[in-house]
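User: Could you take a close look at one part of this model for me? I would like to understand the sheet and the charged pairs on it, with enough of the surroundings to place them.

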Amino acid sequence: MSSSNSWAEFAALFRDTRTAFLDHERAKTELKALMPEDAKEAIGHGVRGRRTKNGAVWFDVLEREAGHAAIQ
């Protein structure tokens with residue numbers, strides 16, 4: 001694949017974002033561990049965690065309005 005420009009582009013992107021991906025996965029694991037088992041939702045520092053009926057936890061980044069700091 002050394003002659004493919006597309007391969008080169010995506011291989012570089014893959015290499016460049018690998019550390020960020022691993023950090024992201026670790027953060028999700030740690031946030032899940034911090035979320036109380038009986039909580040349906042937890043919000044703080046611009047992140048919302050939601051627990052589904054089957055116990056899976058999902059995270060969203062909360063958008064803030066320009067010029068307004070969110071108070072949690």
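Analyst: Happy to! A good place to start is the turn between the first two strands: β1 and β2 form a hairpin with two residues between them, and H45, which sits in that turn, has a positive phi of about 55°. Please keep in mind that this is a predicted model, and that every value here is computed from it.

Let's follow that hairpin into its strands. β1 covers residues 41–44 and pairs with β2 in the antiparallel sense, over four bridges. To fix the register between the two, you can use A42, which stands opposite G49 in β2.

The next hairpin comes right after. β2 and β3 also form a hairpin, this one with five residues between the strands. Its turn holds G55, whose phi is positive at about 95°. The two strands run antiparallel and are joined by five bridges. Here the register can be read from R50, which stands opposite W58 in β3.

Put together, these pairings give an open sheet of three strands in the order β1-β2-β3, with antiparallel pairing. Because β1 and β3 stand at the edges with a single partner strand each, one side of each is left without a neighbour in the sheet. From one strand to the next, the twist averages 15°. As background, strands of a sheet pair through backbone hydrogen bonds, in a parallel or an antiparallel way.

Now for the charged side chains on these strands. In general, side chains of opposite charge can pair when their charged atoms come close. D60 is the residue to select in your viewer here. It forms a salt bridge with R50, where the closest N and O atoms are 2.7 Å apart. D60 lies in strand β3 and R50 in strand β2, so this pair ties together parts that are 10 residues apart in sequence. D60 has a second partner in R48, and for that salt bridge the closest N and O atoms are 3.4 Å apart. R48 belongs to strand β2 (residues 47–51) and D60 to strand β3 (residues 57–61), so the contact links parts 12 residues apart in sequence.

How exposed are the three residues? R50 is partly exposed, at a relative accessible area of 35%. Salt bridges that share partners join R48, R50 and D60 into one network. R48 is partly exposed as well, with a relative accessible area of 25%, and D60 is partly exposed with 23%. A residue counts as buried under 20% relative accessible area, so none of these values reaches that class.

To place this in the whole search, three salt bridges are found in the structure. Besides the two already described, K28 forms one with E25, the closest N and O atoms being 3.3 Å apart. This pair sits in helix α1 (residues 5–34), and because K28 and E25 are three residues apart there, about one helical turn separates them. K28 is partly exposed, with a relative accessible area of 29%, and E25 also counts as partly exposed, at 29% relative accessibility.

Finally, a few words on the surroundings. The chain has one helix and three strands, and from the N terminus on its elements run α-β-β-β. Of its 72 residues, 8% count as buried. The chain exposes about 6,500 Å², and carbon and sulfur atoms supply 56% of that area. Among the contacts with a separation of 6 or more, 15% come from residues 24 or more positions apart.

So if you want one view to keep, centre it on D60 in β3, with R48 and R50 joined to it in one network.

How values were computed. Residues numbered from 1 in each chain as written. Predicted model: local features only at pLDDT ≥ 70, side-chain atom pairs only at ≥ 80, totals over all residues. Heavy atoms only, no water. Salt bridge = Lys/Arg side-chain N within 4 Å of Asp/Glu carboxyl O. Buried < 20%, exposed > 50% of the residue type's maximum accessible area, 1.4 Å probe, protein only. Pairing = 2+ DSSP bridges. Contact = heavy atoms within 4.5 Å. Areas by Shrake-Rupley, 256 points an atom, 1.4 Å probe, with all protein chains shown as cover. Axes fitted to C-alpha atoms, helices over the stretch in contact; angles between N-to-C directions.
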